[in-house]
Amino acid sequence: MTAAPMSSLAVAVRSENLCRHYHMGETLIRAVDGVSLEVRAGEFVALLGSSGSGKSSMLNLIAGLDRPTSGTVVVQNRDLAKLSREDLAKYRLHVVGMVFQSFNLIPSMTLAENVELPLRFAEVDRSQRENLVREALDRVGLRARKDHRPSELSGGEQQRAALARALINRPQLLLADEPTGNLDSHTGIEIMDLVREFNRQLGMTVVMVTHERALAERYAERMIFLADGKLTHEQPNPPAGAQPGRQGHA
Amino acid sequence: MKLPDLTELALRNLRESVLRNSLTTIGISVGVASLVAMLSLGIGLQQMASRRLVKSGLFDTIIVTSRRELRGMSREEERTGPNPAESRVLDEPARQEIERLPNVLEAYPDIRFRTELRYEDKPHLTTISALPSSAQSNDAFEGMQGSFFSSETAAEVILQKSFAEELLGKTQPLGAPEPSVAELAQPLLGKELLMRYAQRAAAPQQPAPPKTNETASADNSLAAAAYSVVSREQKLKIVGLSDLDVESMRGPMRAKVFLPLKLAESLHVMQPTDVSEISRAASDQTVYSSISVRVKNPAQVQSVEDAIKKLGFNTFSIVDASRGLRQFFGVLYAFLGIFGSLALIVASIGIVNTLVMAILERRREIGIMKAIGASDRDVKSLFFAEAGAMGILGGIAGVILGWAIGQVINFGTNIYLKRQSLPPEHFWAVPWWLVVFGILFAVGVSLVSGRYPAGRAAKLDPVQALRYE
């Protein structure tokens, strides 16, 4: 595999010959078709490809939202295919944080309640929750908006709230599915800066799915290209100093 | 997820689509209300029936007859019992002996005779019987017009409604509405009747001297060994008019005119048994055709009956009838319960529908929750909690509604009863266990109804759910 100079040598995600096939009527769809890859702990990786390339399916398999048809996917030493539904839910709760293109906040809840939700599932004590929620909202700069409902906020604010929610249970892995897809470019950059901040300051491994090559080049340490469910090639991004994004705003 | 969180989220979700969920909850409450209403009607009716029956004297009364009496109720016993010729005479000492038996409240002679009553110079032939003062509590006198006898010896009379109609010459054509007791009572109360009767006189040689209020009309003495029969007249004041048939259990022998017991005894009216017992009775002793025995508690009827039989008399009571009555109410409960729960079944379909709709509507939300770490069990419990919350709320509202319906119906019926000049009745009872049962039943039905939708929500594929927009 390619070198990942900024990260440690531990492997966060490893897939071997990973396949996800399903039937749509008569035709067999090979959404993910024999993908083998590794992501090191603390690495920032972008999965690139056109729509239908299988990058989102790949992300769902890593997230434990979907199960492989064949092959293995191991995350933080857990073979996801072998986990029970119950254990898979725990894995999603504690190991993975997810953000989506459409934010996926629950519309009937305030921001604070949305961010608090994973803590309820994790059965964290009520007394601790308030502090954790405040801390997370502070980190994304939304403290003042905590009692607003998602519909009262801009897209960028919603995505920041989603990031706060993804981070609330202190996961090791952040999975982002087109996180800037519904945002204008300026707001997109704000969000991406936050993601990179999580990556650098909290040591979270980031796997981001995107079809915007420019965005991937600016933030990712490594780009993995997919087409028709297969891994076509990988491309390391030049190290820190050479990248303007690493200094902050370009 | 912990229970407080579960409850909080469930209530929040119920509030989100408040119209649909309140309609469903109203559905449950109507179901519970109908169940509670039906069952409390059944319970109330049973309580009323047993109250009525205890009051009617049917269940705590034993009728005692001599074994010689050919009209004895139980023919079998006559065959198995001692020879009729050796059986005991039902006279005053026998009455006192029976009254001393344990658990006996009172034993009084049934004085009953057919005679002529004159009202406005028109003769009417009827059966007259005597009532002890304890009969005042009998529910037949509850809706009575006028009053009960002023004393046990007063020359007063109470008439049964049908006899009053006869006196007034008001025979109703079939199907015509019956006149109310109040209507009949108005022209009759306070009026006098003249009773002609045959007196059993102790001394045959000399006719009894006329007393203050008696007039010996004819010295119709009968040549007999021990006594003579004298024709006499007695003026009686009409004090009361009863609606219900006091003696319904006596069949064709029942009386329609009632005298106070002590007065009737003092008249020494010729009894049918006097002739049959003539050879055995002491000349100065009255022989009773039958004695009514009132027992302290309907449960003791059987034991008292056995004791009286041991004394050598025939007995009759309606203990067995109460067993049939209990069975009847058991069946009634079951039926009312089934009809009541039909509405609850409809309501449970409403719950299933509401929750299935909620799954469709909240597909995405379920997907989000799963993506951020909710387990199948979390999602399932959440839907269960929503169903349970609707059940509890619906159950509580339903019990209150059922109780209110009962109160309204009770109130309305009592207005109707009042118009019919009948006493008000409490035929609606909601015991505490029915309240608890109603609420638990609602929660149970809701949880069972929530099973399928909750299971479906739990099994929802998060990838599919999130793709759905």
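# Notebook: chains A and B, predicted model

I began with a strand pair in chain A: β1, residues 11-24, is joined to β2(A) by 11 bridges, and the two run antiparallel. To fix the register I picked one residue, and found that A:R20 has A:V32 as its bridge partner in β2(A).

A reminder to myself before going on: this is a predicted model. I noted its scores as ipTM 0.89 and pTM 0.66.

**Entry: the sheet around β1 and β2 of chain A**

I followed the pairing outward from those two strands. They belong to an open sheet of 4 strands in chain A, ordered β2-β1-β4-β5 and paired antiparallel. Which strands are at the edges? I find β2 (27-40) and β5 (78-79) of chain A there, each pairing on one side only.

Next I looked for what packs on the sheet. Helix α1 of chain A, residues 55-63, lies across β1, β2 and β4 (70-75) of that chain. I noted its angle to β2(A) as about 60°.

**Entry: chain A as a whole**

I counted up the secondary structure and have 7 helices and 10 strands for chain A. Of its 250 residues, 48% count as buried. I also checked how far apart in sequence the contacts reach. Taking contacts in chain A between residues at least 6 apart, 71% join residues at least 24 apart.

Confidence came next. Chain A has a mean pLDDT of 88, with 91% of its residues at 70 or more. I marked residues 1-8 of chain A, where pLDDT is below 50; this stretch has 19 contacts in the model beyond near neighbours in sequence. I marked residues 241-250 of chain A too, again with pLDDT below 50, and with 7 contacts beyond near neighbours in sequence. Note to self: where pLDDT is low, the predicted coordinates should not be read in detail.

**Entry: where chain A touches chain B**

How many residues does each chain bring to the contact? I have 18 residues from chain A and 17 residues from chain B. On the side of chain A, the elements that give two or more residues are α2 (85-94) and α3 (111-121). The largest share there, 5 residues, comes from α2(A). I also sorted that side of chain A by class, and it has 8 nonpolar, 3 polar and 7 charged residues.

**Entry: β10 of chain B**

I moved to chain B and stopped at strand β10, residues 257-260. B:V257 and B:L259 point one way from this strand, B:F258 and B:P260 point the other way, and all are buried.

I then looked up its partners. Strand β4 of chain B, residues 122-131, runs parallel to β10(B) and is joined to it by 4 bridges. In that pair, B:I128 has B:V257 as its bridge partner. Strand β6 of chain B, residues 156-160, pairs with β10(B) in the antiparallel sense over 2 bridges. Here B:I158 stands opposite B:F258.

**Entry: one isoleucine, B:I291**

I chose B:I291, which sits in strand β11 (residues 290-295) of chain B. Why does B:I291 count as buried? I count 23 C-beta neighbours inside 10 Å, and the cut-off is 20 or more, so B:I291 is buried.

Its contacts, leaving aside neighbours within four places in sequence, include B:V64, B:L90, B:I98 and B:Y108. B:R95 and B:D110 are also among the contacts of B:I291. I checked one long jump in sequence as well: B:I62 is 229 residues away from B:I291 along the chain, yet their C-alpha atoms are separated by 8.3 Å.

**Entry: annotated spans in chain B**

I pulled the UniProt record, an unreviewed entry, which lists residues 21-45, 332-360, 381-406 and 426-449 of chain B as "transmembrane region". I compared two of these spans with the model. Residues 21-45 of chain B are 100% helix and 0% strand, with end C-alpha atoms 35 Å apart. Residues 332-360 of chain B are also 100% helix and 0% strand, and here the end C-alpha atoms lie 43 Å apart.

**Entry: confidence in chain B**

Chain B has a mean pLDDT of 78, and 79% of its residues reach 70 or more. Among its elements, helix α11 (residues 363-371) has the highest mean pLDDT, 91, and strand β8 (residues 214-218) the lowest, 42. I flagged residues 204-225 of chain B, where pLDDT is below 50 and the model has 33 contacts beyond near neighbours in sequence. I flagged residues 71-81 of chain B as well: pLDDT stays under 50, and the model has 11 contacts beyond four places in sequence.

How values were computed. Residues numbered from 1 in each chain as written. Chains lettered and ligands numbered in written order. Predicted model: local features only at pLDDT ≥ 70, side-chain atom pairs only at ≥ 80, totals over all residues. pLDDT = per-residue confidence, 0-100. Contact = placed C-beta atoms within 7 Å. Pairing = 2+ DSSP bridges. Axes fitted to C-alpha atoms, helices over the stretch in contact; angles between N-to-C directions. Nonpolar A, V, L, I, M, F, W, Y, C, P; charged D, E, K, R; others polar. Buried ≥ 20, exposed ≤ 12 C-beta atoms within 10 Å, placed from the backbone. UniProt positions renumbered as here; feature names shortened; annotations may be inferred.
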